[in-house]
Amino acid sequence: MSEREFPREELDFRLCVTSGQVFRFVECGGSVWRGVDGGDVIEASHESGGRWRVRSFPDPAAADRFLRAEVRLADVVRRIVELEPSWKPLVDRFPGLRVLRQARADETLFSFLCTVNNHLSRIHRLVQTLGSFGECVGDGLFRFPVAGAIAEIGESRLREMGFGYRARTITAVAQELVARGEDWLPSLKSMPYEEAVRALCDLPGVGRKVADCVCLFGLGFDEAVPVDVHLWRATAERFFPDWVGKSLTEHRYRAVGDYYREKFGRLAGFAHQYLFYDSIQRGRRGRETKRPRR
DNA sequence: AGCGAACCGGAC
DNA sequence: TCCGGTTCGC
């Protein structure tokens with residue numbers, strides 16, 4: 001089995017799989033992380049403070065695809081800071097944060113349907129639950145189920161398992177994917193970004209945010225900028241002061257994405273990930289230190 | 001166009 | 001009481 005080592009500044013595996021891009025990786029034992037992408041198990045380990053060693057099987061090349069090993073993060077980060085110097089503290093705070101690429105866009109789609117108006121801890125549980133309907137490829141490791149298998153679970157059973165109102169959209173999307181055929185979703189890769197977004201938003205329960213997540217993490221559109229409520233607030237504070245406190249409308253969503261695409265071009269997806277994760281952290285810290293209300 | 005409310009259920 | 005959103009009705 002081939003193994004690849006990444007310098008610290010090129011990869012923090014734990015950060016990558018816990019920063020809201022994928023939801024099925026777990027820590028097993030000390031400093032070993034394991035999960036499944038596509039048909040392959042991906043495993044990473046490191047000695048404290050050391051470099052991450054990553055391997056995958058049965059396909060030893062799967063890990064490189066998942067981590068986009070061909071991207072030299074040092075170059076990306078340097079270019080981002082050249083384009084927007086105010087990003088320096090952000091990229092310094094999260095060394096080794098890479099944008100991942102999932103092998104199957106359907107896993108990305110169903111995963112982010114689980115994130116709708118939800119907490120990270122419950123998101124993990126729900127996505128793991130969906131995953132357990134796929135083919136078992138090891139101890140607690142599952143290939144993600146195909147759309148047909150998800151459709152067969154049924155809305156009522158999903159509700160029983162705690163999916164709430166997401167049960168309806170997940171089932172509806174699964175049926176829709178079955179109807180369109182398995183080639184439909186991957187075929188969006190060869191469309192222009194805007195067309196892919198429109199096609200995804202056509203699916204029930206899929207709006208701009210989920211569509212952009214699928215575009216960035218599942219379909220390979222590096223210019224996609226998913227704007228959630230945290231990134232929205234952080235962006236308004238930095239670049240759109242007039243919009244602080246305002247709601248995120250369709251028009252403003254587009255303006256934010258276009259702003260970052262204009263500034264960062266094809267690096268917009270990578271650049272957004274730093275501010276996104278920072279805004280999540282701030283949200284958590286803010287809650288922890290929040291005083292009880294009168 | 002922009003805003004607010006409803007929506008499941010679990011975490012804090 | 002608050003969500004890493006979408007949809008619907010003003």
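Here are some notes on the predicted model of chain A with DNA strands B and C.

1. Overall fold. Let's start with the protein as a whole. Chain A holds 15 helices and seven strands. Its radius of gyration is 19 Å, close to the 19 Å that the globule rule gives for 294 residues, so chain A is as compact as a globular protein of that length. If you want a feel for the dimensions, the C-alpha trace spans about 50 × 45 × 45 Å along its principal axes.

2. Burial and contacts. Of the 294 residues in chain A, 51% are buried. Among contacts with a separation of 6 or more, 64% join residues that are 24 or more positions apart.

3. The cores. In soluble globular proteins, nonpolar side chains tend to be buried together. Here the largest nonpolar core has 76 residues, and W87, L109, F110, L200 and Y274 are the ones with the most contacts inside it. A second, separate core has 17 residues, including F6, W33, F66 and A69.

4. A look at Y274. This residue is a good place to zoom in on the largest core. Setting aside neighbours within four places in sequence, Y274 is in contact with L73, V77, I80, W87, L90, V91, F94 and L97. One of these partners, W87, is itself listed with Y274 among the residues with the most contacts inside that core.

5. The surface around DNA strand B. Which residues come nearest to this strand? They are H119, R122, R166, S247 and R252, out of 14 residues around DNA strand B. Sugar and phosphate make up 57% of the strand's atoms that come within 4 Å of the protein. By residue type, the surface near DNA strand B divides into one nonpolar, seven polar and six charged. Helices α6 (120-131) and α14 (250-264) each supply at least two of its residues, and the largest share, three residues, comes from α6.

6. Polar contacts to DNA strand B. Two arginine side chains are worth displaying here. An N or O atom in the side chain of R252 is 2.8 Å from a phosphate oxygen of DNA strand B, and for R159 a side-chain N or O atom is 3.2 Å from a phosphate oxygen of that strand. Y165 uses its backbone instead: an N or O atom there lies 3.1 Å from a sugar or linking oxygen of DNA strand B.

7. The surface around DNA strand C. This strand is surrounded by 19 residues, of which G20, H119, L120, G207 and F276 are the closest. Sugar and phosphate account for 56% of the atoms of DNA strand C that come within 4 Å of the protein. The residues of this surface comprise eight nonpolar, eight polar and three charged. H119 appears again here: it is listed among the nearest residues for DNA strand B and among the closest for DNA strand C.

8. Polar contacts to DNA strand C. Here the backbone is the part to inspect. Backbone N or O atoms of G205 and K209 lie near phosphate oxygens of DNA strand C, at 2.9 Å for G205 and 3.4 Å for K209. A polar backbone atom of G207 is 2.9 Å from a phosphate oxygen of the strand. The elements that give two or more residues to this surface are α12 (208-219), α13 (229-239) and α15 (268-288). Of these, α12 gives the most, with three residues.

9. Helix α13. As well as contributing to the surface near DNA strand C, α13 has buried residues, namely L231, W232, A234, T235 and A236. Its N-terminal end is capped by D228, with a side-chain oxygen 3.1 Å from the backbone nitrogen of H230.

10. S56 and its surroundings. S56 lies in strand β5 (residues 52-57). Is S56 buried or exposed? Its relative accessibility is 1%, so S56 counts as buried. Its side chain reaches the backbone oxygen of D59 at 2.7 Å and the backbone nitrogen of A63 at 3.1 Å.

11. P60 in the loop. P60 sits in the loop between β5 and α2 (62-67). With a relative accessible area of 42%, P60 is partly exposed. P60 and I42 are 18 residues apart in sequence, and their C-alpha atoms are 9.0 Å apart in space.

Notes. Residues numbered from 1 in each chain as written. Chains lettered and ligands numbered in written order. Predicted model: local features only at pLDDT ≥ 70, side-chain atom pairs only at ≥ 80, totals over all residues. Heavy atoms only, no water. Near = heavy atom within 4 Å. Polar contact = N/O pair within 3.5 Å; in protein donor to acceptor, adjacent residues only side chain to side chain. Helix = DSSP H or I, 4+ residues; strand = E, 2+ residues; numbered from the N terminus. Nonpolar A, V, L, I, M, F, W, Y, C, P; charged D, E, K, R; others polar. Core = buried A, V, L, I, M, F, W, Y, C linked by side-chain atoms within 4.5 Å. Buried < 20%, exposed > 50% of the residue type's maximum accessible area, 1.4 Å probe, protein only. Contact = heavy atoms within 4.5 Å. Rg over C-alpha atoms; globule rule 2.2 N^0.38 Å.
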